[in-house]
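Biologist: Please give me a close look at a single part of this model, and set it against the background of the whole chain.

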Amino acid sequence: MNALNLAAEVPENPLIPPIPELVIGLIAFFIVFGFLAKKLLPNINKVLDERRAQIEGRIEDAEATQAEAQQVLADYRAQLADARHEAARLRQEAQEQGATLIAEMRAEGQRQREEIIAAGHAQIEADRKTAAQSLRQDVGKLATELAGKLVGESLEDHARQSRTIDRFLDDLETKAASDATKAEAGR
């Protein structure tokens, strides 16, 4: 009873397990640890390695895809810049061609205008000459008739009549020209 009394007298510490339980617990721990190390741990490592390889492969694929996308973007930007330069060049050429075309059209219009004006002047001059000739004949007839009535004899001689009319009209033209010169000088 001594041992029982001693055991009963020493209070049990709840933090320190009894030695037989501690030994059985350590043996069970090492058995479970050995089983896990031999069977489960290699499978876990294998799955982790496969996932790591997949992730690294995906990262490499993503990096390759990103590099390709960057290259495509750079190519696109280069093509866009080339297209802009080409558009600017075409726009400049179109403006130059437009300016040239406008200048040519203006020159053609000016030439046509001058042709029309020249034709108009020529027509006016021809009409003026025709009118002057007709007027000369009419005035000549009237002057001849008037002179015949004043003189009392017929001035039917054509050559004489023509000289008289021409002299009369030349005198009128000379007088009209001198009046026009005086009017110009007065301005």
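**The long answer, from surface to side chains**

Modeller: The protein exposes about 16700 Å², and carbon and sulfur atoms supply 61% of that area (accessible areas come from the Shrake-Rupley method with a 1.4 Å probe, and for residues only the protein chains shown count as cover). This is a predicted model, in which local features need pLDDT of at least 70 and side-chain atom pairs count only at pLDDT 80 or more, while totals for chains, interfaces and linings use all residues. Residues are numbered from 1 along each chain as its sequence is written, and side-chain values use heavy atoms, with hydrogens and water left out. Of the 187 residues, 3% count as buried, where buried means under 20% relative accessible area, exposed over 50%, and partly exposed in between, using a 1.4 Å probe and protein chains only.

The secondary structure consists of 3 helices and 0 strands, which reads along the sequence as α-α-α; here helices (H or I, at least four residues) and strands (E, at least two) are DSSP runs, numbered from the N terminus.

The part I would look at closely is a group of charged side chains in helix H2, which covers residues 19–151. Glu-86, Arg-89 and Glu-93 are linked in a network of salt bridges, a salt bridge being a side-chain nitrogen of Lys or Arg within 4 Å of a carboxyl oxygen of Asp or Glu. In this network, Glu-86 meets Arg-89 at 2.2 Å, N to O, and Arg-89 is also paired with Glu-93, with the closest N and O atoms 2.3 Å apart. Glu-86 and Arg-89 are 3 residues apart, about one turn of the helix, and because Glu-93 and Arg-89 are 4 residues apart in helix H2, about one helical turn separates them as well. The members of the network are partly exposed: Glu-86 has a relative accessible area of 35%, Arg-89 stands at 37% and Glu-93 at 32%.

By this rule the count comes to 6 salt bridges. Another of them joins Arg-128 to Glu-125, with the closest N and O atoms 2.6 Å apart, and these two residues also lie in helix H2, 3 residues apart, about one turn of the helix. Arg-128, at 47% relative accessibility, counts as partly exposed, as does Glu-125 at 32%.

Elsewhere on the surface, Glu-56, Glu-60, Asp-61 and Glu-63 form a negative patch. Patches are made of residues with over 30% relative accessible area and no salt bridge, like charges being joined within 9 Å and nonpolar side chains (Val, Leu, Ile, Met, Phe, Trp, Tyr) within 5 Å. Asp and Glu count as negative and Lys and Arg as positive, whereas His and the chain ends are not counted, and the place of a charge is taken as NZ of Lys, CZ of Arg, CG of Asp or CD of Glu. Glu-60 is found in helix H2 and is exposed at 53%.

A nonpolar patch of about 940 Å² includes Ile-19, Leu-22, Phe-29 and Phe-33 among its residues. Ile-19 lies in helix H2 and is exposed, at 59%. An unreviewed UniProt entry annotates residues 22–41 as "transmembrane region", with positions in the numbering used here, feature names shortened, and annotations that may be inferred rather than shown by experiment. In the model that span is 100% helix and 0% strand, and its end C-alpha atoms lie 26 Å apart.
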